[in-house]
Amino acid sequence: NLNSLSTVQGLNNTTRQVAIDTWPDDKKYLTASVRETPFRNYPGMGWIFVARKPLTVALEPAANISKLILIAGAGTAALFFFILWLVLSRILKPLEDISALAVKIRGHDTHAEIPRPQGNDEVSIFTRSLADLVNWLRESNAELALTSRVFDESGQGIMITDASTNILRVNQAFLRIAGYTAQESIGKT
């Protein structure tokens, strides 16, 4: 009995109806129903035309398109991530080089040179600033090393104190003159 199909029942309000219906054979079909419409003054015979196609066959093109969209989406995502990886690698490479140089400098490699790239991008500006800072620190360390050597090797007894006259550092001549050890002197007034 085709009158039990929702597409046929839906023709009460419209002349066309499409739905997925379960037919009397208990299988699902994509079903289309059309009610004959009057033509001018000809009332027609009131026929209803019903067509069906097995659901798996009817939806196969949509399933194929869905698979193609999924494959295209995955391919596009893979291409996007590959391009993103290339761009980030190119951007981050100078920072990785700077990091490797920082490790060398921290390991007291006094000859490690930081490159001075041309350009006005952030990495170039940062690298030049870092190179200037490292060079300034090297000059300051060299000056401090010379001052420390003069302090340590002076024949005059020298004591360095803070504002509260607590002894911070003494040289060998001071220890020889005062007769105290460094542990006995440092921290005292």
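Colleague: In this predicted model, where does S185 lie, and is S185 buried or exposed?

Modeller: S185 lies in helix α5, residues 182–185. The term buried applies under 20% relative accessible area. S185 has a relative accessible area of 4% and is therefore buried.

Colleague: Which residues does S185 touch, not counting residues up to four places away in sequence?

Modeller: S185 touches I167, V170, F174, L175 and Y180.

Colleague: How should one read the length of a helix such as α2?

Modeller: One compares the distance between the end C-alpha atoms with the span expected at 1.5 Å a residue. For α2, with 52 residues, that span should be 76 Å, and the end C-alpha atoms are 71 Å apart, which agrees.

Colleague: Where does α2 bend, and by about how many degrees?

Modeller: The bend is about 40° and is located at L92. A proline, P94, follows within four residues of L92.

Colleague: What does the same reading of length give for α3?

Modeller: Helix α3 covers residues 122–153, a run of 32 residues. From its first C-alpha to its last, α3 reaches 46 Å, close to the expected 46 Å.

Colleague: How are α2 and α3 oriented with respect to each other?

Modeller: Here one considers the crossing angle of the axes, and angles under 35 degrees count as roughly parallel. The axes of α2 and α3 cross at roughly 10° and come within 10 Å. The two helices are therefore roughly parallel to each other. On the α2 side, the contact is made by I91, P94, L95, I98 and I105. On the α3 side, V123, F126, T127, L130, V134 and R138 take part.

Colleague: Which residues of each helix are buried, and what do they pack against?

Modeller: In α2, the buried residues are L55, A58, I98 and L101. They pack against the strands β1 (16–22), β2 (28–35) and β3 (48–54), and against α3. In α3, the buried residues are V123, S124, T127, A131, V134 and F151. Their packing partners are α2, β4 (159–161) and β5 (167–170).

Colleague: Why does V123 count as buried, and with which residues is V123 in contact?

Modeller: V123, in helix α3, counts as buried because its relative accessibility is 15%. Apart from neighbours within four places in sequence, V123 is in contact with I91, P94 and L95. The C-alpha atoms of V123 and I98 are separated by 9.9 Å, although the two residues are 25 residues apart along the chain.

Colleague: What is the general idea behind a nonpolar core, and which residues form the largest one here?

Modeller: In soluble globular proteins, nonpolar side chains tend to be buried together. In this model, the largest nonpolar core has five residues: L101, A112, I114, A131 and V134. Setting aside neighbours within four places in sequence, L101 is in contact with A112, E113, I114 and P115.

Colleague: Where is P115 placed, and how accessible is P115?

Modeller: P115 is in the loop between α2 and α3. With a relative accessible area of 44%, P115 is partly exposed. Apart from neighbours within four places in sequence, its contacts are L101, T127 and A131. P115 and K67, by contrast, are 51 Å apart, C-alpha to C-alpha, at 48 residues apart in sequence.

Colleague: What is notable about a positive phi, and which residues show such a value?

Modeller: Most residues other than glycine have a negative phi. In this model, H108, just after α2, takes a positive phi of about 65°. D26 has a phi near 65°, and so does T165. D26 is found in the loop between β1 and β2 and is exposed, with a relative accessible area of 66%. T165 is found in the loop between β4 and β5 and is partly exposed, at 45% relative accessible area.

Colleague: Is W23, in the loop between β1 and β2, buried or exposed?

Modeller: W23 has a relative accessible area of 10% and is buried. Beyond neighbours within four places in sequence, W23 is in contact with L2, L5, Y29, T31, V50 and R52. The C-alpha atoms of W23 and R52 are separated by 9.5 Å, while the residues are 29 residues apart along the chain.

Definitions and conventions
Residues numbered from 1 in each chain as written. Predicted model: local features only at pLDDT ≥ 70, side-chain atom pairs only at ≥ 80, totals over all residues. Heavy atoms only, no water. Expected span 1.5 Å × (residues − 1). Buried < 20%, exposed > 50% of the residue type's maximum accessible area, 1.4 Å probe, protein only. Contact = heavy atoms within 4.5 Å. Bend = angle between axes of the 7 residues up to and from the residue. Core = buried A, V, L, I, M, F, W, Y, C linked by side-chain atoms within 4.5 Å. Axes fitted to C-alpha atoms, helices over the stretch in contact; angles between N-to-C directions. Parallel < 35°, antiparallel > 145°, perpendicular 65-115°, else oblique.
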